[in-house]
Amino acid sequence: MYEAFSTLIGTISNVMYSYLLIIMLLAAGIYFSLRTGLVQLRMLPEAVRSVGERSGGKDSVSSFQALMVSTASRVGTGNIVGVANAIAIGGYGAVFWMWLIALLGGATAFVESTLAQIYKKRAADGSSYGGPSYYIQAALNSRALGVVFAVALIATYAGGFNMLASYNLIDSFPATVSMTNISSARTTWSPSSAARRSRFWSASASWAAASVSSK
């Protein structure tokens, strides 16, 4: 049962990440970059300037504070370990391709944020609320699709990101720890070497647990 489920998930993952998602994300990035006139480069000076703006009042959020909240919700252990894995597996050239895709993705992020601002709603106390589920419902006139997106996002944040972060951490060990040294250490067993290995795996488990809880 477990092997069948694992095979199914692996097949879906290979199709999604090797074909559909990569092509769709790159195509969307190129399309939005062309339609917005390379807004991620054209408006970069304005973006840098707006980050330094002060908030309008004591209870309002400044541009810098909004940037930090947005960054904290996007960057986590999965990103850090994912970059390390990409460099370990693909070499230093992987950094260039990550930069290029991030540059194209900047236009997609700009369009997403713009839609969120256009279709945001005002609460009775004057605060604002909104997001992808709201502008999917308003722009596409499909409440069902917005609900599906909201449920999928909740499930992703509740379990998907945490499991992905812990998996990336464990999966990175074979690429960073010499398996030859581990094998040779097994042939020279001693109390001191056993203690070192015990401390190593205990620290590794603590690192993985801390990363999951922090995410």
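This passage describes a surface patch, the aromatic pairs and two loop residues of a predicted model.

Because the model is predicted, local features need pLDDT of at least 70 and side-chain atom pairs count only at pLDDT 80 or more, while totals for chains, interfaces and linings use all residues. Residues are numbered from 1 along each chain as its sequence is written, and side-chain values use heavy atoms, with hydrogens and water left out.

A good place to begin is the surface. Ten names need not be memorised here, but they are worth finding on the model: Leu8, Ile12, Val15, Met16, Tyr17, Tyr19, Leu20, Ile22, Ile23 and Met24 make a nonpolar patch of about 1,000 Å². Patches are made of residues with over 30% relative accessible area and no salt bridge, nonpolar side chains (Val, Leu, Ile, Met, Phe, Trp, Tyr) being joined within 5 Å and like charges within 9 Å. A salt bridge here is a side-chain nitrogen of Lys or Arg within 4 Å of a carboxyl oxygen of Asp or Glu. Accessible areas come from the Shrake-Rupley method with a 1.4 Å probe, and for residues only the protein chains shown count as cover. Val15, one of the patch residues, belongs to helix 1 (residues 2–35); helices are DSSP runs of H or I with at least four residues, numbered from the N terminus. Val15 has a relative accessible area of 39% and is partly exposed (buried is under 20%, exposed over 50%, partly exposed in between).

Next come the aromatic rings. The whole structure holds three aromatic pairs, that is, rings of Phe, Tyr and Trp (its six-membered ring) with centres within 6.5 Å, called stacked when the planes are under 30 degrees apart, edge-to-face over 60 and tilted for the rest. One of them joins Tyr31 and Phe32 edge-to-face, at 5.5 Å centre to centre and 65° between the planes. Tyr31 is partly exposed at 44% relative accessibility, and Phe32 is partly exposed at 25%. Phe96 and Trp97 also pair edge-to-face, at 5.1 Å and 70°. Here Phe96 is partly exposed at 49%, whereas Trp97 is exposed at 53%.

Two loop residues complete the picture. Leu38, in the loop between helix 1 and helix 2 (39–42), has a positive phi near 55° although this residue is not glycine; its relative accessibility of 42% makes Leu38 partly exposed. Asn141 follows helix 7 with a positive phi near 55°, in the loop that leads to helix 8 (143–171), and is exposed at 70%. Within helix 7 (residues 132–139), the buried residues are Ser133, Tyr135 and Ile136.

Notes: Buried means under 20% relative accessible area, exposed over 50%, partly exposed in between (1.4 Å probe, protein chains only).
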